[in-house]
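Hi everyone, thanks for coming. Today I'd like to walk you through one contact region, step by step. Let's bring the model up on the screen.

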Amino acid sequence: MYLKAIHQNCSGCGACRLACAIANFNEVRPARALLTIEGRFPGPGDYRIHLCDQCGACAEACPEGAIAQVDGVHRVIPERCSSCMTCVDACPYGVMMALPGDQTPSKCTRCGECAAICPREAIAVVETRESAR
Amino acid sequence: MKKNKFLYGYSGWILRVDLTHGEVRKEPLDEDLAQRYLGGRGFVAKLLFDELPPGIDPFSAENLLVIATGPLSGHLLPSSGKTHFGTKSPATGGYADSNMGGHFGPALKYAGQDVLVLSGRAARPSYLLIDDQKAEIRPAQHLWGQGALSAEKQLKTEVGEDFQVLTIGPAGEHRVRYACISHDFGRQAGRTGIGAVLGSKNIKAIAVRGSGSLPVPDVAEAFAAGKEAFRKVSEKTGFKAWTPEGTAGITNWCNEVGVFPTRNFKTSFAGHSARINGKAVLERLKITDKGCYCCPTPCGKYGHTKTRMGEAYVEGPEYETIALFGGNCLLPSIEEVAYANYLCDELGIDTISAGAVISWAIECFEKGLIAESRIGRPIAFADLESVAYLLRRIAVRDGIGDLLAEGVKRAAREIGQGSECFAIHVKGLEWTGYETRNAPAMMLAYMTADVGAHHSRAWVLGHDLAGAWTSVHDLISSGRGGAKQPPAVIRPECARYVIDSQHTRPLFDALGVCRLQYMELGFEEHHYETLFHRITGRKLSWDEMLGISERIWNLTRVISIREIPGFGRAWDYPPARFYSEPIPDGPSAGYFLSKEKLDQLLDWYYQARGWDANGIPTRATLLRCGLPEAAEAIGAM
């Protein structure tokens, strides 16, 4: 499964970010969310959802081989990570996160909680990465 | 400083900013305050009661501006984005509060404080920046004079797009008594002149960014309760039906049942409602739905309008703006209503009071009570140029704007000649979007709302027009209601309906969540009991929460008694138009409530509340509500 952003459905409420942080870090702390919502105001007056589609650019960029694909999900292997944060710069969507206080970057685990909580079906779960584009 | 570790749900801190001395300090949130007043509106009322020097001018440095979140603000549940603002009102001189949605309150909590208290006055135009633990007062000369929307954009560009920003416009800087505080390019704490108080403190903006976490007893249980609430609310019949048009969707119903303010509340039906309703917003303006924090049913419709006077991006118009500019000022199209909405947002003026003030001024002009020479041009209903001309002068108190910036009560006092009869307000706060001469309970709700003529405290049109409480969506979609003759003998139950609603709706303002899911969709109260328990670790029944809401209600009454000399029953009447002029046409033609009926309603209301015949809470009532200090303050008998 893959996550697909349906931007025009998004109202910027941020429930997805809060659910993400709770599910992945066990904290009521949206600053640790692994996806972002960009509100473009006053014009053009819309929202853009930035999330991971497991494209693997982070893994390709990692000089340590510290990002491995497991069941279609790219995961950071902390013991291999040198904290160079090359992957953060390499992410085309800006969602490889260097979170304050963390030694290693964090990324989407494809847990699906963002899609599950979204009341507007702005994040869909699809079968293939191609259809998530 | 040791934080109270048992205050789950809260951040646990109050941030105090002394603008006169440029000092910032934090203090722990008092556990007793949290338990007895919950948060939001409760915190505002208690802090104002305790700390506001009695009898001060609202624009003096001694006035306080309290910004408070609630225990549920910022947590995962439907619509947890509410922030409450309170002060001594420039509009009424009494207790004032106003709230807004958006994202500011949650950010304030994530930054580590539940409450922000501003005191004193900055020596020069400034803004306050809160970045987690850092809080500092910064110069804002470069923002002063800018529109509220423009200043928000500029400040976000300067400090970061991830900051949540509040701003005032020129109206706040010029102390227009109904200036608002703006946020997120379209949300406002609109009422009671909150923005003018911020302006009087020389504060143009507040920017906050928070990266912290909120404590809950068990994250998994709170998460499960939140997800269940989202799932359950999505099952309500109104869930999908409400969102497309939001509050604008009730325009047709209000018009058809004859409660739509029209031509300065002269009548209650507008023939052009199809051109200014929710469908028009959808088809002619909307770009996107724009939601407050964690809101599954966003009221905000963000769009673009084009008129002969210009074009603009604007959030809205929502129902109240449609009622006051589309109905009361008779603007003929949704594009023109939206442009007036945009002007108000940029100038930093409450659209409700502005629409009421302008419609009053136009009626005065038509009657020859304000001369063209004083205004500077002819003004007319159904004319966007008249509206824009007046708004721009009001915002900077230029010419006629200086008079109108005072609000209808003060302006009518100066103009005289009977203009007080159609200056539509209670306590000095202009009336909102429901004409109630055919609705005795709703009339009583307006008369007794603590901040003045605002529907936010009680909305009981369902009782008046359909005979029972029902969610707004169910009421409208069922086609119930309709212009019904008010009972020849008005019933004592009216008072009970109003009081129940005055405890229920403001309870959400204390919890820090939007009431829409409950009121408009009928989302059941037991969900809030569960969420409150999972988030705070404290078990409170709905009835216990309502008891706290009653405590807050009595306290806000006491604040106004303390602040306004002679305050009492005389402050609880509508203007004479509403008890002496029958509605001239439309579905409610011929209806009005006589002064005798209003007196009867007030008598029942005071009795049911445990207040005396002058509307003063008795000592026994205040003690029953756990307010001995309030009884002492007013020498209650």
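Look at domain 1 and domain 2 of chain B: their C-alpha centres lie 25 Å apart. Please keep in mind that this is a predicted model. To find the two parts yourselves, follow the domain assignment, which puts domain 1 at 13–209 and domain 2 at 244–435. The assignment also gives chain B a domain 3, made of 436–522 + 541–637, but I'll leave that one aside today.

So, how many residues of domain 1 of chain B are in contact with domain 2 of chain B? The count is 39, and they touch 36 residues of domain 2. Put together, domain 1 and domain 2 of chain B bury about 2,900 Å² between them, and carbon and sulfur atoms carry 52% of that area. Which residues of domain 1 lose the most area to domain 2 of chain B? They are Y178(B), R187(B) and R191(B), which together make up 27% of what the domain 1 side buries.

Now for the polar side of the story. Across this interface of domain 1 and domain 2 of chain B there are five salt bridges. If you'd like one to zoom in on, try R177(B) and E406(B), whose side chains meet in a salt bridge at 3.0 Å, N to O. The interface also has 26 residue pairs in polar contact.

On the domain 1 side, α3 (104–110), α4 (148–159), α5 (170–173) and β11 (187–189) of chain B each supply at least two of the residues that touch domain 2. Sorted by class, that side has 15 nonpolar, 19 polar and five charged residues.

Terms used
Residues numbered from 1 in each chain as written. Chains lettered and ligands numbered in written order. Predicted model: local features only at pLDDT ≥ 70, side-chain atom pairs only at ≥ 80, totals over all residues. Heavy atoms only, no water. Domains from an automatic or database assignment. Contact = heavy atoms within 4.5 Å. Buried area = accessible area lost by both parts, 1.4 Å probe. Salt bridge = Lys/Arg side-chain N within 4 Å of Asp/Glu carboxyl O. Polar contact = N/O pair within 3.5 Å; in protein donor to acceptor, adjacent residues only side chain to side chain. Helix = DSSP H or I, 4+ residues; strand = E, 2+ residues; numbered from the N terminus. Nonpolar A, V, L, I, M, F, W, Y, C, P; charged D, E, K, R; others polar.
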